[in-house]
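Let's take a walk through this structure together. Have the sequence and the 3D view at hand, and we will go from one contact to the next.

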Amino acid sequence: MKWETVIGLEVHTQLATKSKIFSGSSTAFGAAPNTQASAVDIALPGVLPVLNKGAVECAIRFGLAIGANLNRVNVFDRKNYFYPDLPKGYQISQLAKPIVEGGALKIIVPSTGSGQSEERVIHLTRAHLEEDAGKSLHEDFHGMTGIDLNRAGTPLLEIVSEPEMRSSAEAVAYARALHALVTWIGICDGNMQEGSFRVDANVSVRPVGQTEFGTRREIKNLNSFRFLQQAIDYEVRWQIETLEDGGRVTQATVLFDPDTGETRMMRSKEEAHDYRYFPDPDLLPVRLDEDWIAAVRATLPELPAAMQARFQRDYGVSAYDATVLTGSRALADYFEAAAKACGQGKLAANWVMGELSAALNKAELDIAQSPVSSAQLGALIARIQDGTLSGKLARQVFEGLWEGAGEVDAIIEARGLRQMSDSGELEKIVDDVLAANPKSVEEFRAGKEKAFNALVGQVMKASRGKANPAQVNDLLKAKLQ
Amino acid sequence: MSLTPDDVKRIARLARIETSDAEAQATQVQLNSIFGLIAAMQAVDTRDIAPMAHAQEVTQRLRDDVVTETDRHAAFQTIAPAVENGLYLVPKVIE
């Protein structure tokens, strides 16, 4: 039987506010335990929550960026459950009237093997504001658990997609696009190690052609794109095997163990919480007026989708390249500055995604930390364009730039990397090579194309890489006529 | 609508209240009498009335995003039963 995978994602993004959602405590990461937990955060009796305008504004920014409906009146509810890192005994969240409903995100799923990369639109169900819980530390405190409430009350935007993804690759593409967007519009720092962007995946399988969904299991708290992919792949295999062996999948929450690469059951539906949601009487409905929404809209930067279209139009890059280049605002800004500096969009895209990205990856650096500036890369590409440098020489200049050896022209002069432009000098080398390789010449004349390439190689070698390959080709052809 | 003893036990468990069978039975009677009141309210036709999230027709005031709180954990932790390295200690919980 052929199976189809169905995936929906719930992403918790930590909002980049200075203070918490319902108190004036700092949200800075890494403070000593409980030093950023106020009377409201630790739920002392008689305290009242006061909503942070900055958190609401983040949600508005997100809603506008995905073309969603912003609920002009939205409501906070209490989600009740007992856990030591939740001192109130309930989490303030939004159920019936979330701040954001609907909207969509364009994703590009990379090609697998020989196929083309594919563009898809994933619809969003909703995004709602809520508070984070504290942290439980299960290391040994004489058999007890340590509770740090610094994180309690940190504002989160929970973003829920429709179950529209059909493979782990699509789920990862969606998560990446969402990550790029929330960091792009400045509502989340995107730091996955620190838990600023946490993904829950709802996964089910069904026979191809069946319209009803299969029973889903929810994989909790995935904090890297690689784990997201691995966890879904494992879970899909497990569900298909279970069903093909005649078993049944029961609704459950599971955890992914990165060490074993497996998912395991956390709780089944029978033990699932009954959260007894109800509107929080401590908080009034939130009203978004049109002036406020318009003011927030005016502060939004050009969005990734608009920038992708512009990059394709203005710089002639492919849809896939445009997506890669808008992976982050820093990368997009870098590319655009380099492209403008040299006037060669396609070549700039190749260098940014090729040589530069490879060097950054190898050195484990972010684009913002690149030792080669966008102006320098632009200048380098301009020297390729005007014929001063071949691709090979340009890579040597790039190495110089990376090492901080100075500006492009200075490196070319200091290291003698100028492409040979004197045709007399080149002609002499060609003559020498032809005289030294009579066998190749004879073979070429007898019809062996390969022999020609060998001669080109010899000339390039003799010029120490400085000959212009196109010029060498022309000259050799002329001499061998 | 009325509650069974099992419903009462389940609600008690969700609220982490230990209940004996006798208490559950007594509570069942009391809770069921409240349902009479709820039934009377549910008899009112509310089809064209939007539910209210709050009893007052006012909207939430918002706070500027500014840090105003200082570190008072030492004072807060004087009433905690057990504390170590700034952490509140609680009986071991593993989900």
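A good place to begin is a salt bridge inside chain A: Glu131(A) pairs with Lys88(A), and the closest N and O atoms are 2.6 Å apart. Glu131(A) belongs to strand 8 (residues 118–131) of chain A, while Lys88(A) sits in the loop between strand 4 (77–80) and strand 5 (90–93) of chain A, so the pair ties together parts that are 43 residues apart in sequence. Over all chains, the structure holds 29 salt bridges. Please keep in mind as you look that this is a predicted model.

The two strands on either side of that loop are worth a look themselves. Strand 4 of chain A and strand 5 of chain A pair in the antiparallel sense, with four bridges between them. If you want a spot to zoom in on, find Arg78(A), whose bridge partner in strand 5 of chain A is Ile92(A). Now widen the view: these strands are part of an open, antiparallel sheet of three strands in chain A, in the order 5-4-16. Its edges are strand 5 and strand 16 (278–279) of chain A, each of which pairs on one side only.

Next, follow a sheet that draws on both chains. Four strands line up in the order 9(A)-10(A)-2(B)-1(B), forming an open sheet with antiparallel pairing. Here the edge strands are strand 9 (135–141) of chain A and strand 1 (83–84) of chain B, each pairing on one side only. Where do the chains join within this sheet? Strand 10 (residues 144–148) of chain A runs antiparallel to strand 2 of chain B, and four bridges join them. At this seam you can find Ile147(A) opposite Tyr88(B), which is in strand 2 of chain B. As a general reminder, strands of a sheet pair through backbone hydrogen bonds, either parallel or antiparallel.

From the seam, step back to the whole interface. Here 36 residues of chain B are in contact with 53 residues of chain A. The area buried between the two chains is about 4,000 Å², and carbon and sulfur atoms give 61% of that. Of the area that chain B buries against chain A, 18% comes from Gln60(B), Arg63(B) and Asp65(B), more than any other three residues supply.

What about polar links across the interface? There are 20 residue pairs in polar contact between chain B and chain A, counting pairs with both residues at pLDDT 80 or more. The elements giving two or more residues to chain B's side are helix 1 (5–14), helix 3 (73–77) and strand 2 (87–91) of chain B. Strand 2 of chain B makes the largest share, five residues. By class, this side of chain B has 16 nonpolar, eight polar and twelve charged residues. Between the two chains the salt-bridge count is one; Arg10(B) and Asp274(A) meet in a salt bridge, 3.0 Å from N to O.

Finally, how confident is the predictor about chain B? Its pLDDT averages 89, and 97% of the residues score at least 70. Among the elements of chain B, helix 3 has the highest mean pLDDT (96) and helix 1 the lowest (85).

Terms used. Residues numbered from 1 in each chain as written. Chains lettered and ligands numbered in written order. Predicted model: local features only at pLDDT ≥ 70, side-chain atom pairs only at ≥ 80, totals over all residues. Heavy atoms only, no water. Contact = heavy atoms within 4.5 Å. Buried area = accessible area lost by both parts, 1.4 Å probe. Salt bridge = Lys/Arg side-chain N within 4 Å of Asp/Glu carboxyl O. Polar contact = N/O pair within 3.5 Å; in protein donor to acceptor, adjacent residues only side chain to side chain. Nonpolar A, V, L, I, M, F, W, Y, C, P; charged D, E, K, R; others polar. Pairing = 2+ DSSP bridges. pLDDT = per-residue confidence, 0-100.
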